[in-house]
Amino acid sequence: MISYDKFINNLKDIQVEIEKACIQCGRSPGEVRLLPVTKNHPAGVIEYCYRAKIDAIGENKVQEANEKKTLVKEPMHWELIGHLQSNKVKQAVQTFDRIQTIDSEKLLMRVDRISGEEGKVMPILIEVNAGNDPAKHGIGVVETEALVKKALECKHLKIEGLMTIAPLSDDSSVARKAFATLRETRNMVERALNCKLPTLSMGMSDDFEDAIKEGSTIVRVGTALFGER
Ligand SMILES: *Cc1c(COP(=O)(O)O)cnc(C)c1O
């Protein structure tokens, strides 16, 4: 596990880079939240986050998050950023405070029903395959409006925005184009449905500056904060 001092240094570097990217595109740094991704790292790094006054972390597996939650005593906001299988929905609803990866009507309806049974209103994001990458999960851009419309009708869900993972590529313009597509899709859906989708979760260690320039409000950063997994 990385030392606390090294983590704090990494954190400061990333905060400076987030600020720089915001200034370059005329945004206020307060509009962009850093979500540390703690997957494959020990629960101790979540305690580091708490000490550094960070109140939310991202995990990509239900089981792993659940195990860590029993170890972490500090209050923390747990966000699911990995693909959710339908047989894990109940445990996911019990473990997480927001689910960023809803990408089908079937999954949406299941999370709504189980959130109701658990007496929760679950904040969600819709995961969009904005880079049209066959290797990625996420609903297609053209299907996004219909899924958001369904989500708005769900009593036990609160839809807050969209999330994407950019395609892996040596050419950074590929990721940037996917980020622009996510923002444009959000703007189009907001107009079509007369709703608000303020959250855009996009950008990771290698591409968060470009994501910020395309309107990201949450950057999900693992490696640059905690080192290689
Ligand atoms: C692992 C992961 C991240 C963080 O990736 P890094 O490159 O380590 O910053 C972000 N988002 C998702 C969905 C992930 O699975």
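How many aromatic pairs does a search of the whole structure find? The search finds 4 of them in this predicted model, and the points below look at one such pair after describing the ligand and the residues around it.

**The ligand and its surroundings**

- The ligand sits in the largest pocket, and the residues that surround it there include Val37, Ile81, Met163, Ile165, Met204, Arg220 and Arg229.
- Sorted by the character of the residues, the shell around the ligand divides into 6 nonpolar, 3 polar and 3 charged.

**Polar contacts of the ligand**

- An oxygen atom of the ligand lies 2.6 Å from an N or O atom in the side chain of Lys39, and for the side chain of Thr223 the distance from a ligand oxygen to an N or O atom is likewise given as 2.6 Å.
- The side chain of Ser205 also takes part, with one of its N or O atoms 2.5 Å from an oxygen atom of the ligand.
- The ligand taken alone exposes 390 Å², and the protein buries 90% of that area.

**An aromatic pair in helix H1**

- Among the 4 aromatic pairs is that of Tyr4 and Phe7, whose ring centres are 6.0 Å apart and whose planes stand at 40 degrees, so this pair counts as tilted.
- Both Tyr4 and Phe7 belong to helix H1, which covers residues 4–24, and they are 3 residues apart, about one turn of the helix.

Conventions
Residues numbered from 1 in each chain as written. Predicted model: local features only at pLDDT ≥ 70, side-chain atom pairs only at ≥ 80, totals over all residues. Heavy atoms only, no water. Near = heavy atom within 4 Å. Polar contact = N/O pair within 3.5 Å; in protein donor to acceptor, adjacent residues only side chain to side chain. Areas by Shrake-Rupley, 256 points an atom, 1.4 Å probe, with all protein chains shown as cover. 1 Å grid on protein atoms, 1.4 Å probe; cavity = no way out; pocket = protein on both sides within 12 Å on 5 of 7 lines; lining within 4 Å. Sits in = over half its atoms within 2 Å of the grid points. Nonpolar A, V, L, I, M, F, W, Y, C, P; charged D, E, K, R; others polar. Phe/Tyr/Trp six-rings, centres within 6.5 Å; stacked < 30°, edge-to-face > 60°. Helix = DSSP H or I, 4+ residues; strand = E, 2+ residues; numbered from the N terminus.
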